[in-house]
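Please look through the structure below slowly, turning it as you read, and keep its sequence at hand. The paragraphs that follow move from the inside of the protein to its surface.

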Amino acid sequence: MSPEEYQIWTLFNSGRMADAGVGIVTILAIWLALRVANMTRANPETDTIAKVVSTAFCGLVILGTWQAWTIAAVNWTGTAGALNSLENPSEFAKGFIEYVGQTEPATTPDLLGMIFLGVVALMTLVLIWRPKKD
């Protein structure tokens, strides 16, 4: 392993530590959004303005999570791109590049993340806007 490759792996792992912190924060934010949606639905005094504000809050949480997870994906694709630019990458580096599948910066989270955020968005909208059955 060349010194350049070692530096790339070190930076990648530093980014993964930051991504782990962001992951924890976004899961807490999603939990809070679902809690806000649930409390909006449960409160008998909720009016349309409260529903709109709750929807905006939940939407911002989901969009912020989308952005954070995209940045996390860029750590992977950027590392693959940096390893790909080396003259003689190790076999492990070649395997990593193949696993990531692209060397251009990511513009979205991975498919599983997008599906998850879509489900969370649907859950919050249903909780806030679906009529209550008495």
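A good place to begin is V61, which, once its neighbours within four places in sequence are set aside, is in contact with A29, I30 and A33. Please keep in mind throughout that this is a predicted model.

Two of the residues just named, I30 and A33, belong together with V61 to the largest nonpolar core, which has 11 residues in all. The other members of this core are A37, C58, I62, A68, W69, L117, V120 and I128. Three helices, namely helix 1 (3-42), helix 2 (48-84) and helix 4 (111-129), each supply at least two residues of the core, and helix 2 gives the most, with 5 residues. Such a grouping fits a general pattern, for in soluble globular proteins nonpolar side chains tend to be buried together. A second core, separate from the one just described, has 9 residues, and these include I8, A80, A93 and F96.

Which residues does T124 contact, apart from its neighbours within four places in sequence? T124 is placed in helix 4, and the residues in contact with it are A33, L34, A37, C58 and I62. Among these, A33, A37, C58 and I62 are members of the largest nonpolar core. Because its relative accessible area is 3%, and buried means under 20%, T124 counts as buried. T124 can also be compared with N38, for the two residues are 86 apart in sequence, yet their C-alpha atoms are 7.9 Å apart in space.

Is M123, the residue before T124 in the numbering, buried or partly exposed? M123 also lies in helix 4, but with a relative accessible area of 40% it is partly exposed, whereas T124 is buried. M123 joins L111, I115 and V119 in a nonpolar patch on the surface, and together these four residues have about 380 Å² of accessible area.

From here the reader can turn to R41, which lies in helix 1. Not counting residues up to four places away in sequence, R41 touches V126, L127, R130, P131 and K132. With R130 there is a polar detail to look for, since a polar atom of the R41 side chain lies 2.6 Å from the backbone oxygen of R130.

The last stop is helix 3 (residues 91-100), where K94 is placed. K94 forms a salt bridge with E91, and the closest N and O atoms of this pair are 3.4 Å apart; the count of salt bridges comes to 1. Both partners lie in helix 3, where they are 3 residues apart, which is about one turn of the helix. How accessible are the two partners, K94 and E91? K94 counts as partly exposed because its relative accessibility is 38%, while E91, at 63%, counts as exposed. Finally, K94 can be set beside N84, from which it is 10 residues apart in sequence and 7.6 Å apart in space, C-alpha to C-alpha.

Key:
Residues numbered from 1 in each chain as written. Predicted model: local features only at pLDDT ≥ 70, side-chain atom pairs only at ≥ 80, totals over all residues. Heavy atoms only, no water. Core = buried A, V, L, I, M, F, W, Y, C linked by side-chain atoms within 4.5 Å. Buried < 20%, exposed > 50% of the residue type's maximum accessible area, 1.4 Å probe, protein only. Helix = DSSP H or I, 4+ residues; strand = E, 2+ residues; numbered from the N terminus. Contact = heavy atoms within 4.5 Å. Patch = residues over 30% accessible without salt bridge, like charges linked within 9 Å, V, L, I, M, F, W, Y side chains within 5 Å. Areas by Shrake-Rupley, 256 points an atom, 1.4 Å probe, with all protein chains shown as cover. Salt bridge = Lys/Arg side-chain N within 4 Å of Asp/Glu carboxyl O. Polar contact = N/O pair within 3.5 Å; in protein donor to acceptor, adjacent residues only side chain to side chain.
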